[in-house]
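Q: Please explain the labels used for helix packing and burial here. I want each value set against its cut-off.

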Amino acid sequence: MTPEGKRLLNIIILGFGFMFMFTAFQTCGNIEQTVIKSFNSTEFHGSGYTSMAIIYGVFSASNLIAPSVVAVIGPQLSMFFSGLLYSGYIAMFIYPYTWSFYTASVLVGVAAAVLWTAQGNVLAINSTDANIGRNSGIFWALLQFSLFFGNLYIYCAWHGHVHITDKDRQTVFISLTVISLVGCFLFFLIRKPDAESAPSETSESEFAESSSVVGSPQSSLGAQALDAFVKACKLFVTKEMLLLSLSIAYSGLELTFYSGVYGTCIGAMTQFGKDAKSLIGISGICIGLGEILGGGVFGMLNKCNKFGRNPVVLLGLIVHFVAFYLIFLNIASDAPLAPEEGTDLQAYITPSVGVALLCSFLLGLGDSCFNTQLLSIIGFMYRDNSAPAFAVFKFIQSIMAALAFFYSNYLLLHWQLLILVLVGFLGSMTFFVAEWMAESNRRESDYDSI
């Protein structure tokens with residue numbers, strides 16, 4: 001196999017590993033608030049929103065040390081051990097206790113930081129400037145297939161169920177735990193990319209640095225860890241990263257909305273009939289279809305490179321604004337806070353399942369527009385320091401996701417939508433400026449090389 005083919009295979013394996021893991025974890029996040037409301041045990045007193053706030057809060061803080069962990073044990077082992085902690089969190093729902101629920105939330109927060117920093121590292125070292133957009137799209141599309149498969153399973157398992165029994169819950173979470181473990185072991189199939197030509201020299205050196213072992217004569221483990229931490233802090237205050245921080249923040253807020261809040265809203269709408277709970281699964285499938293379409297069109301096919309990244313981000317913003325407006329009209333304002341019995345309130349139009357599922361698709365499509373372009377621009381601008389750069393990316397994204405899960409316990413739907421609109425608009429404007437700067441720097445580099 002050619003070096004280019006080997007690197008592409010690594011990206012595909014990376015995507016499949018994440019697809020299996022997040023088939024389990026994203027499905028878990030989508031249904032956990034609904035599941036918790038239906039617990040028969042009076043000894044359990046937990047909130048799915050609070051759990052997710054803890055996960056993303058710890059995630060954000062742990063991103064400061066994640067590059068050091070990846071530098072010490074390498075990206076492959078970092079992803080494997082992180083995946084085991086994800087699997088433990090899912091398995092906790094088989095026999096849940098309040099203390100284990102929140103303890104697992106803290107551990108997954110740490111694991112998430114290491115996992116995503118290692119993912120960004122593997123993506124960067126297996127890509128060049130010419131194919132980073134394509135590889136980001138391939139990875140993103142494979143990852144988002146997780147929404148399709150996991151939520152299809154939920155729909156089939158819970159179709160017609162008004163109440164989720166203990167047996168229903170245990171069957172689902174045992175299956176999800178096994179699926180997550182399969183993804184963990186797939187990471188061992190990723191191989192070190194072969195040296196090829198000048199464009200990949202920085203990738204090779206970075207892989208060597210990230211994969212160094214105890215006893216390396218080049219540097220001590222402590223020095224590697226400190227160097228990775230210092231790089232992350234320095235990158236955090238660069239002009240380009242500060243510009244991107246608002247768009248990254250928006251991606252964290254809307255991640256919370258589509259992955260946790262919106263499914264709960266659909267399940268709470270009594271006007272959708274007795275199948276409202278199973279509609280959570282269908283909603284997840286529609287989100288996944290939007291994510292896959294966006295990842296394929298704007299990433300894997302890589303057709304829009306000659307126009308830059310800005311048109312894709314603008315499209316994502318428009319798509320999201322349409323979705324937010326339709327959700328405002330279709331879903332009751334108290335749906336995020338409704339009890340297990342649901343809400344009988346009506347918004348501004350007669351509640352429509354079709355409109356609700358269309359909004360799910362639009363949320364996924366818009367999210368893929370933002371995330372594929374964020375992955376692409378960060379991989380392009382910080383190619384020589386990919387692990388610290390992706391750690392900063394996840395730090396900002398996760399702290400905003402934690403904030404969003406926290407206020408989701410208290411804010412009515414229309415206030416949550418207003419926050420998304422304001423931050424989405426500002427984030428898109430700053431992304432446009434960052435993209436223009438990146439394009440200007442690329443042209444100057446091309447001119448200097450003549």
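The turns below take the labels one by one.

A: First, the basis: this is a predicted model, where local features need pLDDT of at least 70, side-chain atom pairs count only at pLDDT 80 or more, and totals for chains, interfaces and linings use all residues. Residues are numbered from 1 along each chain as its sequence is written, and side-chain values use heavy atoms, with hydrogens and water left out.

Q: Why is H1 called roughly parallel to H4?
A: The axes of H1 (residues 3-37) and H4 (residues 75-91) cross at roughly 25° and come within 10 Å. Angles under 35 degrees count as roughly parallel, over 145 as roughly antiparallel, 65 to 115 as roughly perpendicular and the rest as oblique. H1 is therefore roughly parallel to H4. The crossing is left-handed.

Q: Which residues of H1 and H4 meet?
A: H1 brings Leu14, Phe18, Met21, Phe22, Ala24, Phe25, Cys28 and Glu32. H4 brings Met79, Gly83, Tyr86, Tyr89 and Ile90. By class, the contact has eleven nonpolar residues, one polar and one charged. Here Ala, Val, Leu, Ile, Met, Phe, Trp, Tyr, Cys and Pro count as nonpolar, Asp, Glu, Lys and Arg as charged, and the others, Gly among them, as polar.

Q: What makes H6 and H13 oblique to each other?
A: The axes of H6 (residues 132-158) and H13 (residues 353-381) cross at roughly 135° and come within 9 Å. That angle falls in none of the named ranges, so H6 and H13 are oblique. Their crossing is right-handed.

Q: How do the residues of the contact of H6 with H13 divide?
A: Three are nonpolar, seven polar and one charged. Ile132, Gly133, Ser136 and Trp140 are the H6 residues. Among their H13 partners are Asp367, Ser368 and Asn371.

Q: Why is Thr256 called buried?
A: Its relative accessible area is 1%. Buried means under 20%, exposed over 50%, partly exposed in between (1.4 Å probe, protein chains only). Thr256 is therefore buried. Thr256 lies in H10. Not counting residues up to four places away in sequence, Thr256 touches Val261, Ala401, Ala404, Phe405 and Ser408; contact means heavy atoms within 4.5 Å.

Q: What makes a set of residues a nonpolar core?
A: The members are buried Ala, Val, Leu, Ile, Met, Phe, Trp, Tyr and Cys residues, joined through side-chain atoms within 4.5 Å. The largest such core has 116 residues, and Phe18, Tyr86, Tyr89 and Phe173 have the most contacts inside it. H10 (residues 239-268) gives the largest share, 14 residues. A second, separate core of five residues includes Ile11, Ile132, Ile138 and Leu142.

Note on methods:
Axes are lines fitted to C-alpha atoms, for helices over the stretch in contact, and angles run from 0 to 180 degrees between N-to-C directions. Helices (H or I, at least four residues) and strands (E, at least two) are DSSP runs, numbered from the N terminus. A crossing is left-handed if the near helix is turned anticlockwise from the far one by less than a right angle, and right-handed if clockwise.
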